[in-house]
Amino acid sequence: MTASAAAPVLAVEGLTKRYPGVTALDGMSFEVRPHEVVGLIGENGAGKSTLLKSLVGLVTPDAGTIRVGGEAVRLRGVAHAGSVGIGMVFQEQSLVPNLTVAENILLGAERSAVRAGFYRWRAMKALAQEQLDKIGSRIDPGARTDTLTFAQRQMVEVAKVLTIEERITGEPVVLLDEPTSVLERDEIATLFAQIERLRRRASVVFVSHRLDEVLEVSDRVYVLRNGQVVAEVDPSTVDATDLHHLLIGRESGGSHYHDEKQKECDGAPVRLRVSDLSTAGCDGVSFEIRAGEVLGVAGVQGSGREDVCRALFGAIRSSGGRVTLDDQPFRLGSPRSAVRSGVGYVPSERRTDGIVPPMSVAENLSMAHVGEVCTGPVLQAKRERGLVEHWVRRLGIKTPSPETAIGTLSGGNQQKVVLARWMIDDDLRLLILDHPTRGLDVGAKSDVYALIRDLAAAGCAVLLLSDTLEEMIALSHRVVVMKDGVVVTTVETPKGAKPDPVVILEEMV
Amino acid sequence: MTSPDTARPRATDAAGPAPPQGPAPAAAGRTPSRPRLPWRPSGTDAVQTTASLAALVLMILVFSVLDAQFRTWGNLVAVVDAAAVLAVVTVGLTFVLLLGAIDLSVEGVIGACALTVALLVANSRTGLDLGVLGVVATVALGAAFGLLSGLLSTRLRIPSFLTTLGVYAIGLGVATILFSGERPIVGDPWLSGWASSKFLGFAVASWVAAGAILVGWLIQRYTRVGRYAYAIGGAEDITRLSGVPVARFKTAAFAVAGAFYGLGAVMATSQLGSGVVTAGSGLNFSAIAAAVIGGTLLVGGRGGVLQSMIGVLVLTVLQNGLILAGVSPYAQQAVQGVIVVVAVAAATWPVRHRLGVVK
Amino acid sequence: MSTDIAPEVTPSAGKAPQPDGSSRVRRELVRFMPLIILAVLLVLLSLRNPDLLTQRSLTTMADSAAPLMVLAVGITVVIMCGGIDLSIGALASFASVLTALWVPSMSGAVVVPVVLVCALAGVVQGWIHVAARVPSFIVTLGGMSLWTGLALAFSGASTVAVTDIAALRWAFTRIGGTVPSALVIALVVVAVLGAVMRFTPFGRWVASVGHAEPAARLAGLPVSAVKIAAFGVSGACAGLAGVLLVARTFSGAPTLGESLLLPAVAAVIVGGTAITGGHGGLFRTVVGALIVVLLRTGLSLIGVDAGFEPIFYGVLIIIAVSVTIDRSKVAVLK
Amino acid sequence: DDGGTSSASGDGGACSPEDVTLIGQVRNQTNPYEAAWLSGGDEFAESVGLEQQHLTYDGDSQRQQEQIRQALAGSGMECAVLNVLPNGDSDTAPIVAAANEAGAYLVTQWNKPADLNPWDGYDRWVSHITYDGEESGYLIAKALFESMGGSGGVIALQGILDTSAAQDRFAGLQRALSEHPEIELLDEQTAGFDRAEALNVTRTLLTAHGEHVGGVWAANDDMALGAMQALEAAGATGVGVVGIDAVPEAIAAIEAGTMTATVSSDGPWQGAIGLAMGYCAATGELDVADVANDDRAFFAEQFLIDQTNAAEFAEPELNLDDVDCANLFTRATGPIG
Ligand SMILES: Nc1ncnc2c1ncn2[C@@H]1O[C@H](COP(=O)(O)OP(=O)(O)OP(=O)(O)O)[C@@H](O)[C@H]1O
Ligand SMILES: Nc1ncnc2c1ncn2[C@@H]1O[C@H](COP(=O)(O)OP(=O)(O)OP(=O)(O)O)[C@@H](O)[C@H]1O
Ligand SMILES: O[C@@H]1[C@H](O)[C@H](O)CO[C@H]1O
Ligand SMILES: [Mg+2]
Ligand SMILES: [Mg+2]
């Protein structure tokens with residue numbers, strides 16, 4: 001694909017945005033040409049989301065110009081951006097949970113579905129259906145959005161942004177900020193097909209941390225670092241490894257998954273023994289994890305694996321089952337009691353379940369084991385600061401200061417804080433990781449992998465749910481496969497003899 | 001500026017398993033099947049509403065057994081007629097609660113509107129006799145007060161708790177000025193007829209209330225003001241991100257609410273027979289309580305007009321039933337409080353673990 | 001394209017935040033806004049009635065504000081958790097009745113059992129809210145009726161006079177002839193509670209629960225206990241407020257504190273605590289209570305006519321809030 | 001410095017008329033009775049060339065006390081005169097204490113605990129005026145029962161339960177009931193002195209007791225008027241209704257024959273007399289020490305109003321002669337007790 005000849009539909013010059021302590025965009029320049037798919041990659045915090053948000057008027061840049069169709073514009077907000085043909089699917093989901101899918105898709109742009117202020121529900125559903133048909137989705141437009149899965153909601157968001165096609169006459173630009181991070185293979189395929197279809201009428205900017213995806217779908221790729229474009233590459237001339245290098249600006253020492261750090265744990269005592277665990281979503285699940293072992297749980301959505309994690313942590317109710325931790329009976333009560341028994345949990349929905357966004361990095365970090373920074377009931381500010389600075393250094397957390405609100409950090413750095421929250425406990429016995437690398441850049445992922453390895457090597461048992469099978473197989477000693485709420489098989493995944501993902505995939509479906 | 005990054009938690013209960021979704025055509029081959037599981041994370045407001053309905057039914061059953069008077073047709077009429085004003089006010093308040101906002105201006109607005117309607121229709125003080133027009137003007141005045149609350153909340157960006165507390169005081173002041181020491185006695189037979197004439201067994205006012213509920217439901221279901229109220233209550237920042245002029249529709253919802261308070265004031269005035277500054281006394285709390293009991297929660301985006309009406313009935317039946325059951329006036333208040341809590345708690349108990357965050 | 005090698009570990013904590021000067025000034029301004037608005041209102045009102053600015057008048061006002069402060073400080077904790085406690089007025093009335101009934105046998109020590117009983121009442125409400133997942137609004141609405149009903153029952157539906165008012169003199173006197181003892185008591189409560197919030201994890205637990213309850217729960221915080229404790233604190237404060245009211249009314253009555261509920265919540269908001277939970281502070285509430293009392297009493301004394309007084313109150317309180325609240329701390333204003 | 005010392009400095013009556021501050025405090029100006037009270041006070045103030053400062057506290061005890069203390073924190077309060085309607089019995093003691101400490105002249109009306117009296121060392125608390133609630137409750141009950149022909153069923157609407165006004169009036173009803181064995185008290189409920197509440201409660205009671213209701217006894221006119229609306233809505237005719245306060249609307253209803261009786265409590269006079277007593281004392285025309293105890297806490301004269309005399313009370317007006325320094329205690333019918 002070469003569209004380089006045409007004049008850009010969207011161009012950005014010298015865009016700068018500063019936040020207290022960080023420069024999110026540092027004189028960024030880039031352009032999008034007609035009918036082109038532009039990939040954007042960069043580490044967490046490189047400025048990708050900030051760039052896209054300034055293109056829909058949500059972030060007001062401190063300096064620089066944005067040109068749409070050659071003309072400089074000052075974007076005043078999403079509605080204004082939409083009217084000049086720029087629409088966006090946000091990294092954090094942005095649907096209204098208590099509305100129907102149809103309303104969400106058409107929110108603020110109901111067109112003929114609302115006449116003289118009155119809703120025509122039939123037209124509403126028909127119009128929404130048109131959008132859903134574009135992406136081949138079978139989601140019921142009359143369903144309430146909060147009954148959908150995360151992935152389904154992502155598809156609704158894509159359907160929603162596509163309404164921009166109907167709204168303008170010129171050539172729209174659709175910005176997709178990490179649309180694939182929670183999608184499964186088939187859904188990603190659908191999305192890519194959709195992007196192919198879309199490019200006939202529009203240009204697309206695509207952000208992802210999965211480099212192979214970016215290579216697959218893009219005509220051109222920009223590499224961002226510290227708010228600047230550091231490289232522009234032609235996907236046909238590079239492979240994922242090259243991108244990886246460009247991205248983190250260094251040789252990746254050793255393997256991405258730190259395989260060399262995986263330790264045998266066959267002789268280790270059984271740390272967690274689960275027998276006949278049942279919840280609303282799983283039935284009679286049994287398995288055990290040894291100290292120092294990483295146990296992966298594979299399964300499609302609805303297999304009940306998330307229920308297992310949540311029930312073990314006491315976050316949802318279990319209807320039966322016996323669990324022992326280090327051979328002591330372990331009562332499935334509340335997260336509080338789990339934490340007190342040395343269990344930790346990293347939830348998949350970081351923004352709502354993992355962090356308290358307006359509170360500081362320090363407070364979020366010491367949250368679960370605040371006893372570590374207290375003498376009696378009294379907080380020791382100095383000790384806390386020392387501890388936090390230690391972990392910020394040790395995990396390479398990028399934050400202006402420990403007092404910075406965690407909500408302003410990039411996703412990868414937020415996730416590291418959440419991990420550190422559990423790692424500060426010397427007696428951590430079991431860590432439950434629910435999609436711990438969701439939304440993290442390759443470098444951060446690699447860091448998290450190393451942390452998981454270190455934890456296991458130190459004797460902590462790890463229960464792992466993962467975004468990709470590759471990741472799970474690489475990190476685990478064994479993988480339990482679940483389907484329809486029950487365990488169907490267990491696959492050994494020892495160091496040096498990792499099975500092909502297909503083996504597990506076949507059991508999952 | 002609101003960025004999606006500051007979005008508050010939403011749909012945390014939606015991370016569970018999914019309803020079936022057919023294989024997407026573009027994804028050939030390995031499409032995992034999605035079994036439907038017995039439990040789906042449906043909206044928690046359905047739970048709340050079922051709970052309140054169960055509480056209402058339970059209450060009616062108990063009173064019916066306790067007291068023969070309670071189950072008479074005459075008492076049914078009394079309950080309905082007694083619920084009329086509260087129902088209309090609660091319909092209005094529901095729109096504000098759907099936004100996730102609160103309205104404490106009810107009694108002030110009703111006071112001002114009660115005096116206004118009494119002075120506009122044939123009365124003992126002014127020479128005016130505007131009849132229907134007076135009623136329309138009063139409803140418009142109510143809407144204007146609502147507009148004021150809405151504008152103050154959205155343009156000055158102050159929590160509605162305080163703006164409406166301020167508007168309450170302003171309404172009370174206006175009412176006091178209009179009263180000026182002498183109650184206007186309503187002399188308009190048509191308006192008095194709302195309270196005294198019957199149609200199909202029920203007071204005309206009850207039919208007015210029924211009409212108001214219907215209108216409220218239509219607004220909620222079929223207009224932008226209604227639907228956007230849900231959207232704003234569900235996720236205000238996201239709604240703004242979608243390009244909806246949030247402030248304008250928030251303001252409109254307050255104005256709609258105010259119009260209903262105005263109508264409530266007209267009904268109360270027809271019942272009381274003269275313009276009374278305190279015509280709305282006690283209604284604000286009762287209306288909020290009714291809405292919340294019915295499942296229109298304070299968090300916004302949940303419940304609705306019909307759900308709120310369940311709460312109105314719970315409160316009215318309770319008041320009526322306690323009097324008929326001969327509970328001493330000294331004990332009534334305490335008993336009423338305990339029953340509301342116990343009924344809601346009992347009805348929620350079996351499903352309490354399925355509720356998300358309860359504030 | 002740059003290929004500089006980043007170290008394995010990036011110690012970026014060294015980069016201190018450098019908020020530019022003007023935004024820091026603005027932040028400090030927002031912090032002290034409640035105090036500034038209090039001063040401005042005082043000066044404005046005293047233009048009409050110069051007596052308001054005398055030392056005697058100011059101490060009287062602070063004295064009047066003390067029971068409201070205690071109530072408002074208690075409910076601040078509940079509001080910061082994201083809940084609401086509608087029962088505080090009724091509970092204060094109930095406390096006043098208990099105080100009046102118990103003074104004859106217990107004298108000044110009556111404050112201890114009364115505060116404990118009310119704390120327990122708050123804990124029970126909190127427990128029902130948490131265990132049965134009933135919205136705090138409904139639980140405490142029920143509580144409001146129940147405590148009023150109990151107060152009616154205990155008092156025989158009438159005022160209970162305190163004959164031995166000397167036993168409660170400590171709660172309504174002037175220390176050294178000028179400083180109102182009730183104000184000192186209120187400030188001690190604020191100081192103690194403030195210290196607990198600041199120097200123990202309780203404060204951040206409350207904020208976590210208010211900002212993001214699911215995250216707090218999944219981090220293993222004692223969410224239920226925190227909420228129950230918040231209601232307990234609110235109840236205890238209502239109890240203490242009830243005792244203070246008896247000391248100045250010389251009697252207990254079943255509706256004595258009822259009317260203080262809305263002013264207390266108004267004080268919390270005017271002080272700048274977010275009604276949606278998470279962000280707030282006790283000292284802000286103290287200033288909020290002073291503003292509310294100034295408007296409640298000051299306006300009647302500058303001689304505005306009936307009718308116009310509530311209108312002025314409404315307008316002024318809206319103006320006050322519009323400058324005191326810190327909008328940057330709340331994403332969405334409800 | 002326990003209460004009452006500062007007043008010793010002023011030896012009563014040293015104020016020149018133009019230094020006197022007149023303050024009238026009632027719950028609110030949103031009902032005709034209290035509005036009439038304040039206008040009576042205004043009229044008196046004008047007659048002595050002064051202005052009355054209005055204080056209203058919206059039925060909020062705390063606010064009433066805050067207002068009084070704040071007002072008394074001003075300057076020149078030794079020459080202040082307060083005519084106060086305490087919200088409830090419990091509010092009187094702190095008001096008295098505050099006034100005494102500031103050395104201001106005080107008259108209270110309606111509510112006062114039985115064991116607190118002006119002669120117990122409060123030399124500036126000129127008097128407490130109230131009406132015999134037991135008597136008024138009794139008078140209207142008798143009028144009601146007679147209109148019913150001495151037999152039948154009645155329902156009673158009580159006022160705010162924890163006020164002595166409500167309790168005394170109900171006691172009066174009970175006395176009348178004991179004298180009329182043929183009359184049956186079908187039900188008693190509180191409607192909080194409130195018109196709207198009375199409407200709803202009466203509606204329910206009418207379904208409970210239906211045809212048996214021959215009369216409604218209400219502890220004030222506002223509730224009586226609310227009950228009348230409920231009766232009208234239910235189509236019940238020939239049911240007698242009585243109340244207390246003699247508000248204009250009630251008088252009009254009595255004239256029209258739709259209401260049976262009420263009891264006067266001359267609002268304008270109440271608003272003026274309290275200021276007059278204080279003013280006379282402050283300016284030296286009245287020596288509080290000379291006033292007999294029977295006049296320092298007394299029941300004021302009250303009249304039963306029925307169709308025969310309603311016209312005379314249609315427009316309550318202040319007669320300045322009634323509040324002359326010489327006639328301050330002419331309406332006293334006897335000590336409270
Ligand atoms: N509202 C804000 N306040 C303060 N800092 C912010 C804010 N938004 C973003 N930042 C900072 O700006 C930088 C760029 O953030 P941005 O979200 O654009 O990164 P990103 O490339 O999208 O990262 P990710 O891959 O994690 O999504 C980060 O350091 C982030 O902490
Ligand atoms: N998070 C927020 N919460 C409350 N108010 C906000 C928020 N963000 C912005 N506002 C303010 O609300 C006002 C209007 O916002 P909005 O865009 O929703 O209104 P609108 O109805 O489109 O207004 P207009 O009629 O001016 O177009 C603005 O003054 C804005 O500053
Ligand atoms: O006005 C009120 C009531 O109407 C009742 O008469 C008792 O006390 C008076 O002050
Ligand atoms: Mg991003
Ligand atoms: Mg706009």
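Colleague: How many residue pairs are in polar contact between domain 1 of chain A and domain 3 of chain A?
Modeller: Zero, counting pairs with both residues at pLDDT 80 or more. This is a predicted model. The side of domain 1 of chain A that touches domain 3 of chain A has two nonpolar, three polar and one charged residues.

Colleague: What makes Lys398(A) and Glu43(A) a salt bridge?
Modeller: Their side chains come to 3.7 Å, N to O. The limit is 4 Å between a side-chain nitrogen of Lys or Arg and a carboxyl oxygen of Asp or Glu, so the pair qualifies. The count between domain 1 of chain A and domain 3 of chain A is one salt bridge.

Colleague: Why is the 3.7 Å between Lys398(A) and Glu43(A) not called a polar contact?
Modeller: A polar contact needs N or O atoms within 3.5 Å, and 3.7 Å is over that, so this N to O distance does not meet the cut-off.

Colleague: How do you know how much domain 1 of chain A and domain 3 of chain A bury between them?
Modeller: From the accessible area that the two parts lose on being put together, summed over both. For these domains the value is about 320 Å², with 50% of it on carbon and sulfur atoms. Six residues of domain 1 of chain A are in contact with four residues of domain 3 of chain A. The domain centres, taken over C-alpha atoms, are 32 Å apart.

Colleague: Turn to chain C and chain B. What makes up the area buried between them?
Modeller: About 4500 Å² is buried, and carbon and sulfur atoms give 76% of it. The count between chain C and chain B is zero salt bridges. Residue pairs in polar contact, both at pLDDT 80 or more, also number zero.

Colleague: Which element gives the most to the side of chain C that touches chain B?
Modeller: That is α5(C), with 12 residues. By class, this side of chain C divides into 37 nonpolar, 12 polar and five charged residues.

Colleague: How do you know how many residues of chain C are in contact with chain B?
Modeller: A residue counts when heavy atoms lie within 4.5 Å. On that basis 54 residues of chain C are in contact with 58 residues of chain B.

Colleague: And chain D: which residues of chain C lose the most area to it?
Modeller: Chain C and chain D bury about 2600 Å² between them, 48% of it on carbon and sulfur atoms. In chain C, Arg56(C), Arg296(C) and Leu301(C) lose the most area to chain D, together 19% of what that side buries.

Colleague: Why is the pair Asp60(D) and Arg296(C) called a salt bridge?
Modeller: Their closest N and O atoms are 3.3 Å apart, which is within 4 Å, so the name applies. There are three salt bridges between chain C and chain D. Residue pairs in polar contact number 13, both residues being at pLDDT 80 or more.

Colleague: Which elements of chain C each supply at least two residues of the side that touches chain D?
Modeller: They are α2 (55-80), α9 (223-249) and α11 (282-301) of chain C. Of the side that touches chain D, α2(C) gives the most, with five residues. By class, that side of chain C has 12 nonpolar, 13 polar and six charged residues.

Terms used. Residues numbered from 1 in each chain as written. Chains lettered and ligands numbered in written order. Predicted model: local features only at pLDDT ≥ 70, side-chain atom pairs only at ≥ 80, totals over all residues. Heavy atoms only, no water. Domains from an automatic or database assignment. Buried area = accessible area lost by both parts, 1.4 Å probe. Polar contact = N/O pair within 3.5 Å; in protein donor to acceptor, adjacent residues only side chain to side chain. Nonpolar A, V, L, I, M, F, W, Y, C, P; charged D, E, K, R; others polar. Helix = DSSP H or I, 4+ residues; strand = E, 2+ residues; numbered from the N terminus.
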